[in-house]
Amino acid sequence: MSGAASALFLLDIKGRVLIWRDYRGDVSAVQAERFFTKLIEKEGDPQSQDPVVYDNGVTYMFIQHNNVYLMMATRQNCNAASLLFFLHRVVDVFKHYFEELEEESLRDNFVVVYELLDEIMDFGYPQFTEATILTEYIKTDAYRMEVTQKPPMAVTNAVSWRSEGIVYKKNEVFLDVVESVNMLVNSNGQIIRSDVVGALKMRTYLSGMPECKLGLNDRVLLEAQGRTTKGKAIDLDDIKFHQCVRLARFENDRTISFIPPDGSFDLMTYRLSAQVKPLIWVEAQIERHSRSRIEMMVKSRSQFKERSTATNVEIEVPVPSDATNPNIRTSMGSASYAPEKDALVWKIKSFPGGKEYMMRAELTLPSIRSEDAPPERKAPIRVKFEIPYFTVSGIQVRYLKIIEKSGYQSLPWVRYITVAGEYELRM
């Protein structure tokens with residue numbers, strides 16, 4: 001990457017600074033005076049017409065428009081052609097805002113000028129130079145500007161979270177049902193904490209103002225419709241919706257109806273506090289054969305149905321902080337010693353349901369231990385995993401309808417996944 005510009009100066013025809021913006025802090029207003037001195041010297045030389053001046057470690061690049069000089073100063077090795085082109089784009093931006101760039105228009109619009117200088121360049125690197133884009137960010141009225149500023153769509157539009165006029169060639173909706181399992185088990189094998197936090201995460205790429213309707217296997221809704229709920233319905237509690245959902249409609253007939261924002265958002269979150277058995281159970285046995293050697297046997301068992309498979313399983317087993325020279329063997333996956341975590345990290349790429357795997361490890365300890373050494377900390381076993389196409393709660397998306405007045409066809413995609421949240425088992 002080429003170097004960055006240090007500052008941008010706007011000078012009048014006599015070389016006096018009208019407005020300048022310092023981007024990197026390594027030049028001062030004195031540089032404008034040195035530039036104009038060198039420029040006068042150049043004008044005395046008829047063979048020197050180039051727009052670049054170098055003096056005492058600073059390079060100046062400039063253009064003139066009417067009675068204004070636009071000049072960039074830099075102490076780095078910059079792309080001169082790029083910065084000169086940038087200055088011409090700056091002229092176009094000012095002409096868009098002020099009708100014409102001249103000394104008077106700069107003096108009358110110095111607030112807008114400073115706002116523009118902050119947007120078009122960041123830390124000496126050119127950013128936005130399209131006037132149509134800048135008008136979306138800078139709403140300050142400019143002197144002699146004919147076009148009146150319109151308020152943002154969010155102010156006048158009843159659907160403040162979605163702009164009008166959105167168009168996609170391919171209309172698609174992606175819905176991810178993600179459930180995070182939080183589990184805390186004490187050293188006696190008793191479950192102290194168990195809950196599931198779920199979220200319906202959506203990514204919408206839809207044209208126009210689509211109306212979406214989502215149906216879940218909600219027990220209240222199915223019973224109200226007179227449908228059987230034998231093992232296929234769930235109780236949704238502690239629900240929180242995105243602002244786009246019509247709450248009155250949901251409270252009336254449990255229908256989730258909404259006009260979605262464009263892009264990614266969380267449509268709904270929920271919590272299930274029912275007792276959940278650990279999806280992956282881990283037991284660890286530690287044997288001290290002497291003061292200088294311990295042996296660990298870790299057993300992991302998947303406690304979900306065989307048709308599901310956990311992926312990217314990572315089991316972090318704590319070891320004494322002064323342990324060294326580990327000798328590790330596993331029946332599946334790979335394990336390594338992570339001294340920065342004081343733990344053995346056992347990774348299993350694929351862990352089918354109803355399976356059990358073992359890991360054995362021998363570690364060396366210092367033969368001499370200080371009498372005032374602090375007691376060993378008892379850190380928990382931490383487990384991470386992902387189980388695609390599986391949910392603990394049994395939630396199901398019964399339908400996802402997209403209706404838009406133009407009648408285009410849309411493609412909804414639904415995916416389920418369960419992940420480990422705060423998943424700890426005490427040793």
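Which helix does V111 lie in? V111 is part of helix α4, which covers residues 110-120. The views below are close-ups of a predicted model.

**Figure 1. A nonpolar surface patch that includes V111.**
Three residues, F110, V111 and Y114, make up this patch. Its area is about 270 Å². V111 has a relative accessibility of 42%, so V111 counts as partly exposed. The place of V111 in the chain is helix α4.

**Figure 2. A salt bridge between helix α4 and strand β2.**
Side chains of opposite charge can pair when their charged atoms come close. Here the side chains of D118 and R21 form a salt bridge, with 2.6 Å from N to O. D118 belongs to helix α4, while R21 belongs to strand β2, residues 17-22. The two residues are 97 residues apart, and the pair links distant parts of the chain. D118 is partly exposed, because its relative accessibility is 40%. R21 is also partly exposed, with a relative accessible area of 26%. In the whole structure, a search finds 18 salt bridges.

**Figure 3. A network of salt bridges.**
The residues linked in this network are R193, D195, D238, R271 and E422. One of its pairs is R193 with D195. The closest N and O atoms of R193 and D195 are 3.1 Å apart. R193 is partly exposed at 30% relative accessibility, whereas D195 is buried at 9%. In another salt bridge, the side chains of R271 and D238 meet at 3.8 Å, N to O. R271 lies in strand β13 (residues 263-272), and D238 lies in the loop between α7 (219-224) and β11 (240-241), so this pair ties together parts of the chain that are 33 residues apart in sequence. R271 has a relative accessible area of 36% and is partly exposed. D238, with a relative accessible area of 48%, is partly exposed too.

**Figure 4. Polar contacts of E211 in strand β10.**
E211 lies in strand β10, which covers residues 211-216. Which side chains make a polar contact with the side chain of E211? One is the side chain of R246, at 2.5 Å. Another is the side chain of S257, at 2.5 Å. When its neighbours within four places in sequence are left aside, E211 is in contact with R246, S257, F258, I259, K401, I402 and I403. R246 and S257 therefore appear both in this list of contacts and as polar partners of the E211 side chain.

**Figure 5. Two cysteines, C212 and C244, without a disulfide.**
A disulfide is a covalent bond between the sulfur atoms of two cysteines. Why is C212 not bonded to C244? The cysteine sulfur closest to that of C212 is in C244, but the distance is 8.4 Å, which is too far for a bond. To count as a disulfide, two cysteine sulfur atoms must be within 2.5 Å. By this rule the count of disulfides comes to zero. C244 is likewise in no disulfide, and its nearest cysteine sulfur is that of C212, 8.4 Å away. Are these cysteines buried or exposed? C212 counts as buried, because its relative accessibility is 1%. C244 counts as buried at 3% relative accessibility.

Note on methods
Residues are numbered from 1 along each chain as its sequence is written. This is a predicted model: local features need pLDDT of at least 70, side-chain atom pairs count only at pLDDT 80 or more; totals for chains, interfaces and linings use all residues. Side-chain values use heavy atoms; hydrogens and water are left out. Patches are made of residues with over 30% relative accessible area and no salt bridge: like charges are joined within 9 Å, nonpolar side chains (Val, Leu, Ile, Met, Phe, Trp, Tyr) within 5 Å. Accessible areas come from the Shrake-Rupley method with a 1.4 Å probe; for residues, only the protein chains shown count as cover. A salt bridge is a side-chain nitrogen of Lys or Arg within 4 Å of a carboxyl oxygen of Asp or Glu. Helices (H or I, at least four residues) and strands (E, at least two) are DSSP runs, numbered from the N terminus. Buried means under 20% relative accessible area, exposed over 50%, partly exposed in between (1.4 Å probe, protein chains only). A polar contact is a pair of N or O atoms within 3.5 Å; within protein, one must be able to donate a hydrogen and the other to accept it, and residues adjacent in sequence count only if both atoms are side-chain atoms. Contact means heavy atoms within 4.5 Å.
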